[in-house]
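Grab a coffee and work through these short exercises with the structure open beside you. Try each task before you read its solution.

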Number of protein chains: 2
Amino acid sequence: MASRGKATILDIARKAGVSKSTVSLVLQGSALIRPETALRVRKAIEEVGYVYNRGAANLRKAHSNVVGMVINDLTNPFFAELAVGMERVFQSAGIVPFIANTAESPVRQGEVLKSLMEQGVAGLIVSPAHGTSPDAFEHVRSAGIPVIFTMRRLSGSRIPVVVPDNPRGAFLATRHLIGKGHRRIAFLGGFPDMVVYHERVGGYREALAAHGIAADEALVIQGDTNRKGGMSAIDTALAFSPAPTAAMCFNDAVAFGAMTGLRKRGLEPGGNFAIVGFDDVAEAQHYMPALTSVAVDTAGLGERAAHTMLNMIRAGTTCAENHIGAISLIVRDSCGPDITEARRSA
Amino acid sequence: MASRGKATILDIARKAGVSKSTVSLVLQGSALIRPETALRVRKAIEEVGYVYNRGAANLRKAHSNVVGMVINDLTNPFFAELAVGMERVFQSAGIVPFIANTAESPVRQGEVLKSLMEQGVAGLIVSPAHGTSPDAFEHVRSAGIPVIFTMRRLSGSRIPVVVPDNPRGAFLATRHLIGKGHRRIAFLGGFPDMVVYHERVGGYREALAAHGIAADEALVIQGDTNRKGGMSAIDTALAFSPAPTAAMCFNDAVAFGAMTGLRKRGLEPGGNFAIVGFDDVAEAQHYMPALTSVAVDTAGLGERAAHTMLNMIRAGTTCAENHIGAISLIVRDSCGPDITEARRSA
DNA sequence: TCCGTGAATTAGAACGTTCCAAAAGACAAA
DNA sequence: TTTGTCTTTTGGAACGTTCTAATTCACGGA
């Protein structure tokens, strides 16, 4: 019986009356082995409950079959979905994905990175933590290990990225608000040290400019990119006079927070105040009112990143083209009716 | 320079003018080595950009430093939070946690399990996928690898569990509704093939019985444990006559769905219908109305599970005591005022 | 009989660590 | 000088695979 210590390839060889080389070949599905021999070996494998030792194999093999996915915030469903999308692709390609969470801490990210390197990952897909230095992953890449950034890019880094078309998304969303008749539109959440922030605020400004609306810088309100940040940002926004009548939010979490904040002040999102989000998380459609948001096809981007990584690993390169994912505006109820129409019919 | 192929312990030895054994000892922080020698070695390590090869080390070591966390649904913030809590503990204990998602599929779970075994995990913490057979993890355990189930238990399995006190939670929540004057209380969501379901429904029934309320089996409505399930369950519940005036939900996701469903029918959660959830996810307090829910201290349970696992690994045992985590009812706005009082004052 | 060919199998040297047993060196006591 | 003890260092055999370069075998043709 398989007792003290696990069974090895050698135990199977003995049991099947072949050499360890033959067993190895069978394990790799080689066509060199005579089918009946292979069958005998496979039976032996079954009988002793053998489990393959990938660590030992990786010692010989050129490179391992594990890739690391370094995620900045796994408790955010948006990123969790991303991770799960990538995981699916890797799993079915026979490579083992390790998911690691950095909780937006560059320090944790460093530790996690060290662990993954020690495990001998064949590649790394990273959604970098807030505050990551642009060259934090350079030594990985220069060691010949492919790295891809996803969802967030680091300014000044030459590592390939897979990100949504943030400027276009913000542009479309803002244009939608303008089309509804809004003229004083706030931008809520985010900080200027993230590239995404500039991309989204840029799209927002571009839309305003395209419609000849003067941007009021006071209405661009920075803040945390979560519910709490949304609640305080909307408070700040409403303190101005004349108050904005609509808000483009950095992401859906901020939008949810803003909607709660509006209700606290007796305003009704989708009624007398319009809100647009960004990311289109699953919750957006179930919220009351259902949130109009920019869909970024999270799972699709994840899959794209994973496929790109697979190609890089196969090709043995650390280069790849950037991918800017298409976005689309999902119109739901949080922007209410056209306010010019409403005014006219009143 | 470190060029073709990574630097190994041997390169460092050469560079520092010592033997590979010495380098190994330094890497393990052994006190045997003379401090100045250690320093010289460490400098060499720094200079060549050496990265430790854990795979090679694990080949010799009794067991590895990685544990696997098998999660049924990472896109559910509740489980994501659990995973993150465990990860924190492991990371700071110097062991590497791998997070894997099974998407509630026993098949995926099997694949994931195989991968983890091949990586040579030292232990496994599992929140089993819906439909997992009770002995799915028996062979792991009998191979001497510690396994812990968390959040969900499998009937008939002898693997140690770390779970919240489900019966008590459901009891307290139901009692709260009864205290508000409700007599027709529905139980929404879940399926009888999960042990958790029986525990929670059990607590619900016990509370009813304790207050002399006859349980109406028609009001126990099975369904998916997500938003969609909640929406259809509340529809079913409201079709009965007399209709229930309150609902105890299997979890918060179901509760959110039920609240949406109520609004669709012109009822107001927290107004003329009372809702209680279970899990107290982060979103509960931000929802409108804020959801009264049973808090299970997710992160705490995760940490507890992780610590138990660490102990099991250290002790080399596959046994541990079950842990039933304390719960508490967090009262917010979704149950509204006492309806008997309301009736009296009307 | 001898040789060549091709298919199937195998021996043995890696891979980068750990760890045991032993060695080397320094010093004190006999 | 010899012996013993203690500290520090080291050689070399594992660990479980893969992979290259054989080796073996059967068969057909000369």
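**Exercise 1. Placing a proline**

In which loop of chain B does B:Pro289 lie?

*Solution.* Keep in mind that this is a predicted model. Start with the strands on either side: B:Pro289 sits in the loop between strand E9 (274-279) and strand E10 (292-295) of chain B. Next, check the peptide bond that leads into this proline: from B:Met288 to B:Pro289 the bond is cis, with omega near -5 degrees. Then flip over to chain A, where a cis peptide bond joins A:Met288 and A:Pro289, with omega about -5 degrees. A:Pro289 lies in the loop between strand E9 (274-279) and strand E10 (292-295) of chain A.

**Exercise 2. Relating the two copies**

Find the turn and the shift that lay chain B on chain A.

*Solution.* Turn chain B by 180 degrees, shift it 0.0 Å along the axis, and it lands on chain A with an RMSD of 0.1 Å. That is how a two-fold axis relates two copies. Now look at the contact residues: 100% of those in chain B recur in chain A, so the same surface serves both copies.

**Exercise 3. Sizing up the interface**

How many residues of chain B are in contact with chain A, and about how much area is buried between them?

*Solution.* First the residues: 41 of chain B touch 41 of chain A. Then the area: about 3,800 Å² is buried between the two chains, and carbon and sulfur atoms give 60% of that. For polar contacts, the count between the chains is 6 residue pairs, both residues at pLDDT 80 or more. Several elements of chain B each supply at least two residues to the side that touches chain A, among them helix H5 (77-92), strand E2 (96-101) and helix H10 (227-238). Sorted by class, that side of chain B has 20 nonpolar, 10 polar and 11 charged residues.

**Exercise 4. Pairing up charges**

Which residue of chain A meets B:Arg54 in a salt bridge?

*Solution.* Side chains of opposite charge can pair when their charged atoms come close. Here the partner is A:Glu118, at 2.5 Å from N to O. B:Arg54 belongs to helix H4 of chain B and A:Glu118 to helix H6 (residues 106-119) of chain A, so this pair joins two chains. Another salt bridge pairs the side chains of A:Glu283 and B:Arg227, at 3.8 Å. Across the interface of chain B and chain A there are 6 salt bridges, while a search of the whole structure finds 34 over all chains.

Definitions and conventions. Residues are numbered from 1 along each chain as its sequence is written. Chains are lettered from A and ligands numbered from 1 in the order in which they are written. This is a predicted model: local features need pLDDT of at least 70, side-chain atom pairs count only at pLDDT 80 or more; totals for chains, interfaces and linings use all residues. Side-chain values use heavy atoms; hydrogens and water are left out. Contact means heavy atoms within 4.5 Å. Buried area is the accessible area (1.4 Å probe) that two parts lose on being put together, summed over both. A salt bridge is a side-chain nitrogen of Lys or Arg within 4 Å of a carboxyl oxygen of Asp or Glu. A polar contact is a pair of N or O atoms within 3.5 Å; within protein, one must be able to donate a hydrogen and the other to accept it, and residues adjacent in sequence count only if both atoms are side-chain atoms. Helices (H or I, at least four residues) and strands (E, at least two) are DSSP runs, numbered from the N terminus. Ala, Val, Leu, Ile, Met, Phe, Trp, Tyr, Cys and Pro count as nonpolar, Asp, Glu, Lys and Arg as charged, and the others, Gly among them, as polar. Copies are superposed by least squares on the C-alpha atoms of residues with pLDDT of at least 70 in both.
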